[in-house]
Amino acid sequence: MDDFWSGVGVDLHLEPDAAAGRRAGLEKALRDAVREGRLTPGTRLPATRRLACELGISRGTAKAAYDQLVAEGYLTARQGSGTRVAALPTVAAEEPGAAARARAPRFDLRPGSPDVGAFPAAAWLRALRRAIATAPSLAYDYGDPRGRVELRTALSGYLGRARGVIAPPERIVVTSGYVQGLALLTRVLDGGAVAMEDPGLPFHREVVRRNGGQVVPVRVDERGVRVPDQEARAVVVTPAHQYPTGVTLHPERRRALTDWARAHGALIVEDDYDGEFRYDRQPVGALQGMAPHQVAYLGTASKTLGPALRLGWMVLPPRLVDAVADAKLHSDHHTETIGQLALAELVDSHAYDRHVRACRLRYRRRRDQLLDRLGAHRRVRGIAAGLHALIDVDDEDDVLARAAAEGLALGRLGDHWHTPGAGRPRGLVVGYGTPRERVYPEALDVLAKVLEGA
């Protein structure tokens, strides 16, 4: 009997109404399952002999029920392919998400995403196969909330040589991305003021608020973020390539910021979201290398590989490791293991380095195309690094309205101020990572057309 059940194929949950009769009850149960979408079009149903055995009815009853639903159009039956659920006509109700898809722009130059079409699928698959082939059986059990030691060790070496981060494996905590890292740190700080760059990403401010932090703005100028002029438990910064202005934190500001953190016992949260992508000179090392006991360094694979992987990391001051690991444990226990092992393999084999270098060249070409198309007529800022540029305009609303009419999506600088309003600088935040290679030139043509009258 055990061998028979292991070969049934699909599990089919049905509860026929015995009071309606065996055949009629089975017909209704199948019909309802199809109508409600629990049995989707194309699903292959069990053979009548197996279904009859499972439900404790005769095979003739099961076959009669199938035949009736085939006649009604709910099922299809073909020689050699068995009995399957038919494709029913769709009702005239709007599918969830359909409106959003209908409004999808022809050209997406909004910031925040890389070219996901450049994901190194072949290299990732090789790394995944090697990781699975060598993983111990305990890798499939619950894991250390800090993350797999294989990935923490690999990241320790990579971050040290590529970003200048002092990153012993025991001070690394693997997360499901930057947002989780920021939320965990805010929770561990247990409230209080958190200084955040102005302008900056509104979503990150909301993450801090929802985890108990009180957000206070700290202005950004041509030298990067200023030193907070008030008491704060922490300051969140993007020193390599400030978002959205694109400014790199000046060396004097770096020293002043770390001195402030030491003097006030405060934490600097360093968001190194696109630190690998610098084009006109060598990448600027991470701020954490200057003050490893004052800086919590946060990075992710979202910009280098893709946001779908949900893999990030924190390099923490020693005093915060246990508290953050405990918060992580009670948040989601641990980040999924197999992806961690695959990323460790990718880093150790240097395939990750090769991919980052290839992306750097690709994005530099895109940056240069943007400058060639607009640079002579527009002030384009923040172009030394990263995946976005800032273009000055006088009237954001007018430009964005004309862009929307052309099917072009852009970012708005005005959305990034802590307190939007009159007197704030205006501009467009243009991301050049998202479009596919074949549509990028046309997207730039549309952008130039939109800006002609601005």
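Two strands count as paired if DSSP finds at least two bridges between them. The model in these exercises is predicted.

**Exercise 1. Strand 11 and its neighbours**

Task: Find which residues stand opposite G312 of strand 11, and work out where the side chains of strand 11 point.

Solution.
Step 1. Take strand 10, residues 295–300. Four bridges join it to strand 11, and the two run antiparallel. Here T300 stands opposite G312.
Step 2. Take strand 4, residues 172–175. Strand 4 and strand 11 also pair in the antiparallel sense, over four bridges. The bridge partner of T175 is G312.
Step 3. Recall the rule: in a regular strand, side chains alternate between the two faces of the sheet.
Step 4. Apply it to residues 312–315. G312 and M314 point one way, W313 and V315 the other way. All four of these residues are buried.

**Exercise 2. The five-stranded sheet**

Task: Lay out the open sheet of five strands, then place the helices that pack against it.

Solution.
Step 1. Write the order: 3-14-15-13-12, with mixed pairing.
Step 2. Mark the edges. Strand 3 (107–109) and strand 12 (380–381) each pair on one side only.
Step 3. Check one edge. Strand 12 runs antiparallel to strand 13 (residues 388–392), joined by two bridges. V380 has I391 as its bridge partner in strand 13.
Step 4. Add helix 15, residues 440–451. Helix 15 touches strands 3, 13, 14 and 15, and its direction makes about 75 degrees with that of strand 3.
Step 5. Add helix 14, residues 396–405. It lies across strand 14 (408–412) and strand 15 (427–431), at about 160 degrees to strand 14.

**Exercise 3. Helix 13 against helix 15**

Task: Classify the packing of helix 13 (residues 351–374) on helix 15.

Solution.
Step 1. Read the geometry. The axes come within 10 Å and cross at roughly 30 degrees.
Step 2. Apply the cut-off. Angles under 35 degrees count as roughly parallel, so helix 13 is roughly parallel to helix 15.
Step 3. Assign the hand. The crossing is right-handed.
Step 4. List the contact. Helix 13 gives R366, Q369, L370, R373 and L374; helix 15 gives Y440, P441, L444, D445, L447, A448 and L451.
Step 5. Sort by class: eight nonpolar, one polar and three charged residues.

**Exercise 4. D115**

Task: Is D115 buried or exposed, and what does it touch?

Solution.
Step 1. Locate D115 in the loop between strand 3 and helix 6 (121–134).
Step 2. Buried means under 20% relative accessible area. D115 has 5% relative accessibility, so D115 counts as buried.
Step 3. Leave out residues up to four places away in sequence. D115 then touches R362, Y363, R366, G433, T434, P435, R436 and E437.
Step 4. Link back. R366 is also one of the helix 13 residues in the contact with helix 15.

Definitions and conventions:
Residues are numbered from 1 along each chain as its sequence is written. This is a predicted model: local features need pLDDT of at least 70, side-chain atom pairs count only at pLDDT 80 or more; totals for chains, interfaces and linings use all residues. Side-chain values use heavy atoms; hydrogens and water are left out. Contact means heavy atoms within 4.5 Å. Axes are lines fitted to C-alpha atoms, for helices over the stretch in contact, and angles run from 0 to 180 degrees between N-to-C directions. Angles under 35 degrees count as roughly parallel, over 145 as roughly antiparallel, 65 to 115 as roughly perpendicular and the rest as oblique. A crossing is left-handed if the near helix is turned anticlockwise from the far one by less than a right angle, and right-handed if clockwise. Ala, Val, Leu, Ile, Met, Phe, Trp, Tyr, Cys and Pro count as nonpolar, Asp, Glu, Lys and Arg as charged, and the others, Gly among them, as polar. Buried means under 20% relative accessible area, exposed over 50%, partly exposed in between (1.4 Å probe, protein chains only).
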